[in-house]
Amino acid sequence: MGSRDDEYDYLFKVVLIGDSGVGKSNLLSRFTRNEFNLESKSTIGVEFATRSIQVEGKTVKAQIWDTAGQERYRAITSAYYRGAVGALLVYDIAKHVTYENVERWLKELRDHADQNIVIMLVGNKSDLRHLRAVPTDEAKAYAERNQLSFIETSALDSTNVEAAFTNILTEIYRSVSTRQVPPDRIVPIHSQNNITLSSTNDAQNKKQCCTML
């Protein structure tokens, strides 16, 4: 018997990118499990989790990949941009260097990801107001210049975490629902418990599996 989590109309692969320590793993755990870990350790390689939400009457399942931000894993994680239709580019509002490195991450993303990928710039740790090093207006202006959406979040107190993921998934949905994705453009989908291939029939039954080559 399939679980309710298996019932969806669209499946979107979204990647979290940015420097190590900006809070990508906690954004993922807050959105998918409503958990926050103060003792969170650096991600090694790639981890992912899923959650389904309703977007304009359709069930959208997000498969969210948390990529390691540390330099020594960069060669490993670049392969995981393949098939992503959305990306959250995360920096720490209290560490200006993580914002400075957004430019490099954005270049890497555009070099490796699909040209139609939806990108959101996320200033995380907005709870650290007293330590702010990146002005909101500066980051917002950068996002506008680079045609990115923008939001500030706090995985610690949950501020805007739901909104960030909901907004990007809605934007992806509106983008892909206006164009057809041929079944032969579907790439392997990894379940949380094992690794399986998404068959053409399965994808057609679920209307669109929007992880694109």
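**Cavity lining and nonpolar cores**

The lining of the largest cavity comprises six nonpolar, two polar and two charged residues. The model examined here is a predicted one. Across the whole structure, the search returned one cavity of 30 Å³ or more, and the largest cavity encloses about 50 Å³ of space. Its lining is formed by A84, V85, D114, N116, I117, V118, I172, S175, V176 and R179. With three residues, helix 6 makes the greatest contribution to this lining.

The packing of nonpolar residues was examined next. In soluble globular proteins, nonpolar side chains tend to be buried together. In this model, the largest nonpolar core contains 30 residues, of which F12, V60, I64, L88, L169 and I172 touch the most other members. At least two residues of this core are supplied by each of the following elements: strand 1 (10–17), strand 2 (46–55), strand 3 (58–67), strand 4 (86–92), strand 5 (118–124), helix 1 (24–33) and helix 6 (161–176). Helix 6 accounts for the largest share of the core, namely eight residues. Residue I172 thus appears both among the core members that touch the most others and in the lining of the largest cavity.

The surroundings of V60 illustrate the packing in further detail. When neighbours within four places in sequence are set aside, V60 is in contact with Y10, F12, R51, S52, I53, V55, L169 and Y173. Two of these partners, F12 and L169, are also listed with V60 among the core residues that touch the most other members. A second core, separate from the largest, consists of 23 residues, including L89, I93, L109 and A143.

Key
Residues are numbered from 1 along each chain as its sequence is written. This is a predicted model: local features need pLDDT of at least 70, side-chain atom pairs count only at pLDDT 80 or more; totals for chains, interfaces and linings use all residues. Side-chain values use heavy atoms; hydrogens and water are left out. A nonpolar core is a set of buried Ala, Val, Leu, Ile, Met, Phe, Trp, Tyr and Cys residues joined through side-chain atoms within 4.5 Å. Buried means under 20% relative accessible area, exposed over 50%, partly exposed in between (1.4 Å probe, protein chains only). Helices (H or I, at least four residues) and strands (E, at least two) are DSSP runs, numbered from the N terminus. Contact means heavy atoms within 4.5 Å. On a 1 Å grid over the protein atoms alone, a cavity is a set of points where a 1.4 Å probe fits but cannot get out, and a pocket is an open set with protein on both sides within 12 Å along at least five of seven lines; lining residues have an atom within 4 Å of a point. Grid points are joined across faces, edges and corners, and a volume is the space filled by probe spheres set on the points. Ala, Val, Leu, Ile, Met, Phe, Trp, Tyr, Cys and Pro count as nonpolar, Asp, Glu, Lys and Arg as charged, and the others, Gly among them, as polar.
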